[in-house]
Amino acid sequence: PVLMKLLSIAGTAAMFLVGGGILTHGLPALHQLSTHGPAGFVMVGGLAPLLEGLWPMLFDALTGLLAGAATLAVVAIARRLISLRRRATP
């Protein structure tokens, strides 16, 4: 059971990364931001190379989370509207 729980968490995280990567690579503005990252990495000093290496993955994860949250919101609103419409219909 513990291994299955860990695999489900890792699989969910991987799906957010993959979905965010698909969106990021499909939209030129997001792809450019993902590739170049913020200019503030220079000010971090010794951590700059680490942050530059992790930035594309973190950006893809954030994009995937935001897209998932937006999709969840649209589905929840649609379900609520359908439920209200069914109650109103005699």
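In this predicted model, 58% of the contacts between residues at least 6 apart in sequence join residues at least 24 apart. The elements that these contacts may be read against are few: the protein holds three helices and zero strands, and from the N terminus on the order is α-α-α. The radius of gyration is 19 Å, well over the 12 Å that the globule rule gives for 90 residues, so the protein is more spread out than a compact globule. Along the principal axes, the C-alpha trace spans about 65 × 40 × 20 Å.

Burial and surface can be considered next. Of the 90 residues in the protein, 13% are buried. The accessible surface comes to about 7,000 Å², and carbon and sulfur atoms account for 77% of that area.

Helix 1 covers residues 2-26. This helix has 25 residues and reaches 36 Å from its first C-alpha to its last, which is close to the 36 Å expected at 1.5 Å a residue. Its buried residues are G20, G21 and T24. What covers the buried residues of helix 1 includes helix 2 and helix 3. An α-helix has 3.6 residues a turn, so residues three or four places apart point the same way.

Two further residues of helix 1 add to this description. G19 lies in helix 1 and has a relative accessibility of 28%; because buried means under 20% and exposed means over 50%, G19 counts as partly exposed. Between G19 and G46, which are 27 residues apart along the chain, the C-alpha separation is 31 Å. L6, also found in helix 1, counts as exposed because its relative accessibility of 53% is over the 50% limit. L6 and F59 are 53 residues apart in sequence, and their C-alpha atoms are 23 Å apart in space.

Helix 2 comprises residues 28-36, and S34 is one of the residues in this helix. Is S34 buried or exposed? With a relative accessible area of 4%, S34 is buried, because this value is under the 20% limit. Leaving aside residues up to four places away in sequence, S34 touches T24, W55, P56, F59 and D60. One of these partners, T24, is among the buried residues of helix 1, and another, F59, has its place in helix 3.

Helix 3 runs over residues 48-88. Within helix 3, F59 counts as buried at 8% relative accessibility. Which residues does F59 touch, not counting those up to four places away in sequence? The contacts of F59 are with T24, L30, L33 and S34. For one of these partners a C-alpha distance is also available: F59 and L33 are 26 residues apart along the chain, and their C-alpha atoms are separated by 8.6 Å. T24 therefore appears among the contacts of S34 and among those of F59, while S34 and F59 also touch each other.

L62 offers a second link across the sequence. This residue lies in helix 3 and counts as partly exposed at 47% relative accessibility, because that value falls between the limits of 20% and 50%. L62 and F16 are 46 residues apart in sequence, yet from C-alpha to C-alpha they are 8.1 Å apart in space.

The surface also carries a nonpolar patch. It is formed by L47, L50, L54, M57 and L58, which together have about 450 Å² of accessible area. L58, one member of the patch, lies in helix 3 and is partly exposed, with a relative accessible area of 47%. F59, by contrast, is buried at 8%.

Taken together, these points describe a protein of three helices that is more spread out than a compact globule. The buried residues of helix 1 have helix 2 and helix 3 among their cover, S34 of helix 2 touches F59, and a nonpolar patch that includes L58 lies on the surface.

Technical notes. Residues numbered from 1 in each chain as written. Predicted model: local features only at pLDDT ≥ 70, side-chain atom pairs only at ≥ 80, totals over all residues. Heavy atoms only, no water. Helix = DSSP H or I, 4+ residues; strand = E, 2+ residues; numbered from the N terminus. Rg over C-alpha atoms; globule rule 2.2 N^0.38 Å. Buried < 20%, exposed > 50% of the residue type's maximum accessible area, 1.4 Å probe, protein only. Contact = heavy atoms within 4.5 Å. Areas by Shrake-Rupley, 256 points an atom, 1.4 Å probe, with all protein chains shown as cover. Patch = residues over 30% accessible without salt bridge, like charges linked within 9 Å, V, L, I, M, F, W, Y side chains within 5 Å. Salt bridge = Lys/Arg side-chain N within 4 Å of Asp/Glu carboxyl O. Expected span 1.5 Å × (residues − 1).
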